[in-house]
Number of protein chains: 2
Amino acid sequence: MAAIHVGVIGCGTVGQGVARLLVERAEAFRRRLGVPLVLGRVAEVEAARAAASGLAPSLFTPRAQDLLDDPDLDIVVELIGGTETARELVLAALARGKHVVTANKALLALHGNEIFEAAAQAGVEVAFEASVCGGIPIILALRQGLAANRLQELLGILNGTTNYILSRMAEDNLPYDTALAEAQAQGYAEADPSLDVDGVDAAHKLAILMALAYETRIDFEAVSVSGIRGLDPLDLQFAREFGYAVKLLAISRNDGDRLEARVHPTLIPRDHLLAGVSGAMNAVHLIGDAVGPLLLSGAGAGQLPTASAVLSDILDVARNLSLGIRRRLPPLGSEAALTRRRPVKPLAEVVTNYYFRFAALDRPGVLSQISGVLAKYQISIAAVIQKGREVKGAVPIVMITHEAREADVQQALAEIDRLPVVSPPTVMYRIEDPHLHSARI
Amino acid sequence: MAAIHVGVIGCGTVGQGVARLLVERAEAFRRRLGVPLVLGRVAEVEAARAAASGLAPSLFTPRAQDLLDDPDLDIVVELIGGTETARELVLAALARGKHVVTANKALLALHGNEIFEAAAQAGVEVAFEASVCGGIPIILALRQGLAANRLQELLGILNGTTNYILSRMAEDNLPYDTALAEAQAQGYAEADPSLDVDGVDAAHKLAILMALAYETRIDFEAVSVSGIRGLDPLDLQFAREFGYAVKLLAISRNDGDRLEARVHPTLIPRDHLLAGVSGAMNAVHLIGDAVGPLLLSGAGAGQLPTASAVLSDILDVARNLSLGIRRRLPPLGSEAALTRRRPVKPLAEVVTNYYFRFAALDRPGVLSQISGVLAKYQISIAAVIQKGREVKGAVPIVMITHEAREADVQQALAEIDRLPVVSPPTVMYRIEDPHLHSARI
């Protein structure tokens with residue numbers, strides 16, 4: 001093979017980074033591969049972006065279709081985002097025998113199974129390191145580095161926007177709206193931040209990681225999701241008094257029969273390695289049955305970190321092409337992952353520890369009424385703080401529980417919120433604390 | 001290919017772990033590879049180990065040579081440690097066309113270039129994920145995941161024994177000897193702990209990582225090494241007062257022209273991610289020009305974490321064999337790394353921040369004399385603590401410096417140690433603190 005030609009669809013922030021590295025680092029990549037890696041064509045509808053990229057104008061076309069029709073391109077990089085057009089383009093590229101590299105987590109979470117099957121049929125590769133945690137080589141680690149392990153647990157800070165917001169709220173005691181506005185001003189949050197703050201983006205990424213970790217089809221629908229919208233800084237303070245930080249965690253666990261899959265604001269011990277991951281950083285903490293606990297952390301987004309991941313995929317696919325092999329490794333590390341389905345436990349059956357903040361009338365017997373309802377549902381209290389009088393005569397009562405079943409918690413809170421001495425709704429967050437687990441035993 | 005056969009030389013702790021995973025997880029590996037991965041033969045001189053392994057006695061031979069002579073074995077795993085016999089065995093295996101997987105960092109640090117050249121000549125692979133940081137997939141990350149980056153800096157906690165000793169000293173204010181004895185009792189330190197506590201093991205690993213990170217031949221001799229032997233808990237306390245933790249760091253930096261390569265006890269800010277890596281854990285914190293800062297941490301030793309890494313190598317080589325390809329990727333990620341030599345800056349020319357503890361007579365003018373000598377060598381003081389009277393009339397004066405050149409520091413300390421008011425030798429440690437760097441500017 002004389003040279004390997006790459007086409008890039010979408011020349012926004014990441015696309016420009018990818019194009020720049022391909023051009024500027026051509027000599028280093030040639031040294032690694034033995035053959036030149038050439039940026040052959042770039043599709044970009046916005047002429048201003050093409051002009052701003054500093055690349056030769058002759059490289060550009062406004063039509064992605066031109067790249068699909070170009071017989072010289074071996075690898076197509078999809079960087080337009082979104083799920084509908086991206087899906088059509090990726091499927092069309094695969095059908096034409098082109099290898100695809102994508103950074104698009106929503107696409108893979110929603111259409112990954114279809115895309116992986118199409119790639120298998122076409123005998124080409126789909127690589128997606130940049131779709132989860134930007135520059136952190138977590139896909140590579142799960143697909144190859146930990147291949148001998150059964151993964152027991154995976155906890156991730158998979159969304160930099162929400163981690164930035166929570167970090168700013170915790171550091172400077174900012175209200176949610178102020179921290180969000182700051183994240184938007186810094187370019188960490190979109191004008192419409194819903195996908196990030198509602199946890200959907202993190203859930204997309206968790207669904208992808210779980211397929212790799214547990215050798216199973218992608219099952220985004222099975223992930224329970226709640227976000228950080230409207231989180232009260234008061235709860236960050238109480239969490240800290242109990243020794244916890246609050247992070248939007250993506251959590252999955254493998255109990256042998258079933259998997260857990262959930263994204264929600266979570267209290268974690270302040271000395272947990274994930275608690276130290278601040279600002280827009282991402283991290284994955286996992287436990288493999290052989291490797292034990294492992295942490296990977298780094299930049300989860302941004303032009304060059306994401307481009308670094310895209311390029312690692314391009315180099316990997318290009319090396320196979322240079323050797324004349326295709327699909328050395330299936331996208332999820334195992335062909336079996338395309339057909340296996342691992343059942344996911346409904347959230348109602350999850351057993352974990354909880355944080356509650358009740359707004360209670362400051363009267364004798366309130367705590368007894370609340371704890372009576374909790375006891376009825378087999379929820380036992382590990383710690384409680386009752387604070388001084390607040391506005392409207394309601395005082396916060398904050399509790400940490402031993403392990404309890406989610407369904408019991410939901411029922412208990414509904415019953416407590418009907419008590420005349422409680423001002424609903426009660427605030428509830430889940431806790432990940434290995435020490436609290438073992439304290440129960 | 002009907003099946004891929006693996007031979008294991010050395011059935012100690014790690015060897016038993018590797019053999020166990022190969023046998024117990026055969027079905028999962030077959031699913032991943034498409035062909036069976038078979039443990040074909042185990043060489044172990046100690047009959048007791050063979051008996052204790054629980055493996056079929058027919059698998060065992062006391063002679064490693066039997067594995068080299070066995071035409072059915074495709075991959076040989078070297079787990080005997082040491083450098084002389086291991087070198088001979090590995091070279092012999094390569095010469096016979098067998099692929100080699102090894103966990104032996106000393107072997108690669110001292111004979112890696114020779115071994116990699118022999119593997120290139122024979123057209124076979126040498127894989128060594130387990131040689132650095134046990135189960136952490138750092139070799140994979142450098143060899144593939146970060147291939148698009150120029151690495152700017154790499155800081156590592158690469159030796160679990162010393163990290164355990166330092167953690168115990170810091171947590172419970174233990175003297176060095178007590179913490180070492182505890183590490184030995186826990187199985188974290190050898191009866192002769194020299195390779196660990198003197199920093200040699202960490203330097204072996206740094207030399208390997210640098211070859212991958214900077215696409216250069218292995219150059220162990222160029223690594224400056226000092227260990228933690230005799231470190232005084234007093235210095236851990238003073239470091240803490242300045243906001244630092246003390247870790248045995250392996251440090252390398254790329255200034256474009258030359259590399260830095262050194263292993264020594266180092267003060268790092270207590271909020272640095274590496275400061276949170278405690279006990280026998282390992283970690284690598286690196287900065288790539290595209291990916292930015294990245295941390296990987298996990299178990300750096302132990303039966304199953306190390307076996308996890310060995311198996312990831314076996315699976316990688318086996319996949320190539322199953323596809324009929326050899327040497328898909330050179331051992332260091334680039335064939336050029338076998339011939340390129342990146343010069344390493346002598347320690348004397350390194351510029352960094354320093355911690356000094358002077359034992360000074362409690363007299364007026366002492367600080368002025370000491371700081372006078374420092375000023376003469378262009379060493380400026382960022383912070384100083386002088387503590388109350390100690391035994392023999394000497395009091396500790398503890399300083400943090402701005403950036404200074406190592407040669408100047410060595411000369412200044414030699415001169416200060418000749419002052420009549422100072423009781424030599426002055427304690428000196430280096431600091432890695434990005435904030436202190438920038439404070440200078």
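How many residues lie between β11(A) and β12(A) in their hairpin? Three. I start there, since β12 comes up again and again in this talk. One caution before going on: this is a predicted model.

First, the hairpin itself. β11(A) covers residues 281-288. Its pairing with β12(A) is antiparallel, with eight bridges. For one position to look up, take N282(A): its opposite number in β12(A) is G298(A). β12(A) is mostly covered, with six of its eight residues buried.

Now go across to the other chain. What does β12(A) pair with there? With β12 of chain B, residues 292-299. Those two strands run antiparallel and are joined by five bridges. Two pairs to find on screen. L294(A) sits opposite G298(B). L295(A) has S297(B) as its bridge partner. So much for the strands.

Next, the symmetry. How does chain A map onto chain B? Turn chain A by 180 degrees, with a shift of 0.0 Å along the axis, and it lies on chain B with an RMSD of 0.0 Å. That is the relation of a two-fold axis. And where does chain A come nearest to that axis, by C-alpha? At L296(A), 2.3 Å away. The two copies use the same surface: of the contact residues of chain A, 100% recur in chain B.

On to the contact as a whole. Each chain has its share: 44 residues from chain A and 44 residues from chain B. On the chain A side, the elements giving two or more residues are α2 (26-33), α7 (138-145), β12 (292-299) and α13 (303-322). Which of them gives the largest share? α13(A), with nine residues. By residue class, the chain A side has 25 nonpolar, 13 polar and six charged.

Last, the core. The largest nonpolar core has 316 residues. The residues with the most contacts inside that core are V77, L206 and V310, in chain A and in chain B. V310(A) falls within the span of α13(A), residues 303-322. Take L206(B) as the worked case. What does L206(B) touch, leaving aside neighbours within four places in sequence? The list is G156(B), L158(B), V223(B), A250(B), S252(B), A261(B) and V263(B).

To recap. β12(A) pairs with β11(A) over eight bridges. β12(A) is also joined to β12(B) by five. The two chains are related by a two-fold axis. And α13(A) gives the largest share of the chain A side of the contact. That's it from me.

Definitions and conventions
Residues numbered from 1 in each chain as written. Chains lettered and ligands numbered in written order. Predicted model: local features only at pLDDT ≥ 70, side-chain atom pairs only at ≥ 80, totals over all residues. Contact = placed C-beta atoms within 7 Å. Helix = DSSP H or I, 4+ residues; strand = E, 2+ residues; numbered from the N terminus. Nonpolar A, V, L, I, M, F, W, Y, C, P; charged D, E, K, R; others polar. Pairing = 2+ DSSP bridges. Core = buried A, V, L, I, M, F, W, Y, C linked by C-beta atoms within 7 Å. Buried ≥ 20, exposed ≤ 12 C-beta atoms within 10 Å, placed from the backbone. Least-squares fit on C-alpha atoms with pLDDT ≥ 70 in both.
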